[in-house]
Amino acid sequence: MKRLAILLFLLLAGGATLRGQEREKNLISIRGGLTVAHMRATLDDLSGITGSRAGYHIEVADEVLLHRRLPLYLETGIGFTSGGGTYDRLALRPMYFRIPLLLNARIRLARHWNLLASAGGWYAVGLGGKIRSSTEWYDLFGEKGALRRADVGARMSLGVEWRRLLLRVGYDLGCRNLLKRDYTLPSDPDGDLAALHFNTLRSRNLFIGIGYRF
């Protein structure tokens with residue numbers, strides 16, 4: 001960790017002293033791509049992860065320069081993402097509206113090439129979603145749903161930008177227990193929903209995508 005911090009400092013210092021480099025004060029981009037989601041579950045003293053589920057994400061981002069001598073930007077925006085996971089014969093398919101707040105280091109590597117490293121947090125609201133069992137579909141959110149709508153978490157990502165095109169990979173780490181304590185199972189003729197009797201469920205998303213900066 002100490003070596004990583006030193007390396008990041010040297011990159012920032014190098015980026016700050018590049019001659020003739022003028023930083024844009026405001027950067028707007030649109031991004032999208034693949035999401036590989038799963039959930040972290042605990043039951044008493046046991047913990048593990050569910051199976052993964054492929055989804056997608058799309059977002060509009062706005063980056064604001066924090067200081068003209070440093071390659072640091074504050075990023076926010078709006079986005080839509082699908083998450084969830086699979087367990088036993090169940091598939092959880094939530095969809096979220098997400099607002100990030102990130103600190104970005106935009107480091108010039110060469111002419112037309114930039115390295116973009118991001119870290120920060122996000123807030124998400126569940127828009128809808130279903131649990132699929134062997135024979136039935138059940139609502140994930142709402143009065144009878146199993147999950148809370150609101151989620152908060154942390155994000156880390158790394159990307160390479162060529163001219164205005166961005167390729168990035170990152171990880172979203174949900175911090176909130178999404179499983180309702182007062183959740184009561186609905187009619188469950190096939191018995192699949194008994195698998196939801198965890199103590200906690202937390203979201204995890206690996207994402208990879210492309211973007212375009214205007």
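Start by selecting Glu59 and Arg155: their side chains meet in a salt bridge, 3.6 Å from N to O. Keep in mind as you click around that this is a predicted model. Glu59 sits in strand E3 (residues 53-67) and Arg155 in strand E9, so this pair ties together parts that are 96 residues apart in sequence. Check the surroundings too: Glu59 is buried, and so is Arg155. As a bit of background, side chains of opposite charge can pair when their charged atoms come close.

**Next stop: Glu63 and Arg106**

Stay in strand E3 and select Glu63, then add Arg106 from strand E6; because of where they lie, this pair ties together parts that are 43 residues apart in sequence. The two form a salt bridge, with the closest N and O atoms 2.7 Å apart. Both Glu63 and Arg106 are buried.

Which residues are joined with these into one network? Select Glu24, Arg31, Glu59, Glu63, Glu75, Arg98, Arg106, Arg155, Glu161, Arg168, Asp172 and Arg213 together: salt bridges that share partners link them up. The structure holds twelve salt bridges.

**Add Arg213 and Glu24**

Now pick Arg213 and Glu24, whose salt bridge has its closest N and O atoms 3.0 Å apart. Arg213 is in strand E11, while Glu24 is in the loop between helix H1 (2-16) and E1, so the pair ties together parts that are 189 residues apart in sequence. Are these two buried or exposed? Arg213 counts as buried, at 8% relative accessibility. Glu24 counts as partly exposed, at 37%.

**Zoom in on Glu161**

From Arg213, hop over to Glu161, since their side chains make a polar contact of 3.0 Å. Glu161 lies in strand E9 (residues 150-162). The side chain of Glu161 also has a polar contact with the side chain of Arg106, at 2.6 Å. With a relative accessible area of 3%, Glu161 is buried, because the cut-off for that is under 20%. Show its neighbours and, leaving out residues up to four places away in sequence, you'll find Glu161 touching Arg106, His112, Trp113, Asn114, Leu166 and Arg213.

**Then Arg31**

Select Arg31, which is found in strand E1. Arg31 counts as buried, at 4% relative accessibility. Draw a distance from its side chain to that of Glu63 and you get a polar contact of 3.3 Å. Skipping residues up to four places away in sequence, Arg31 touches a long list of residues, including His57, Glu59, Glu75, Leu166, Arg168 and Gly211.

**Switch to the strands**

Time for cartoon view. How many helices and strands does the protein have? There is one helix and there are eleven strands. Reading along the sequence, you pass α-β-β-β-β-β-β-β-β-β-β-β.

Colour E1 and E11 (residues 200-213): they pair in the antiparallel sense over 14 bridges. To see one of those partnerships, select Arg40 and its bridge partner in E11, Arg202. Next, bring in strand E10 (residues 165-174), which is joined to E11 by nine bridges and runs antiparallel to E11. Here you can pick out Val169, with Ile208 as its bridge partner in E11.

Go back to E1 and add strand E2 (residues 46-49); these two pair antiparallel over four bridges. Leu43 has Leu46 as its bridge partner in E2. The hairpin of E1 and E2 has two residues between the strands, and Asp44 in this hairpin takes a positive phi near 55°.

**Into the nonpolar core**

The largest nonpolar core has 20 residues, and the members that touch the most others are Leu90, Leu92, Ile131, Leu147, Leu196 and Leu201. Strands E1 (26-43), E6 (90-110) and E7 (113-132) each supply at least two residues of this core.

Centre the view on Leu201. Which residues does Leu201 touch, not counting those up to four places away in sequence? Among them are Met39, Ala41, Leu92, Leu147, Leu179 and Leu196.

**Zoom out**

Finish with the whole protein and turn on the surface. The protein exposes about 12,200 Å², and carbon and sulfur atoms supply 62% of that. Inside, buried residues make up 43% of the 214 residues. Taking contacts with a separation of 6 or more, 67% come from residues 24 or more positions apart.

Conventions:
Residues are numbered from 1 along each chain as its sequence is written. This is a predicted model: local features need pLDDT of at least 70, side-chain atom pairs count only at pLDDT 80 or more; totals for chains, interfaces and linings use all residues. Side-chain values use heavy atoms; hydrogens and water are left out. A nonpolar core is a set of buried Ala, Val, Leu, Ile, Met, Phe, Trp, Tyr and Cys residues joined through side-chain atoms within 4.5 Å. Buried means under 20% relative accessible area, exposed over 50%, partly exposed in between (1.4 Å probe, protein chains only). Contact means heavy atoms within 4.5 Å. A polar contact is a pair of N or O atoms within 3.5 Å; within protein, one must be able to donate a hydrogen and the other to accept it, and residues adjacent in sequence count only if both atoms are side-chain atoms. Two strands pair if DSSP finds at least two bridges between them. A salt bridge is a side-chain nitrogen of Lys or Arg within 4 Å of a carboxyl oxygen of Asp or Glu. Accessible areas come from the Shrake-Rupley method with a 1.4 Å probe; for residues, only the protein chains shown count as cover.
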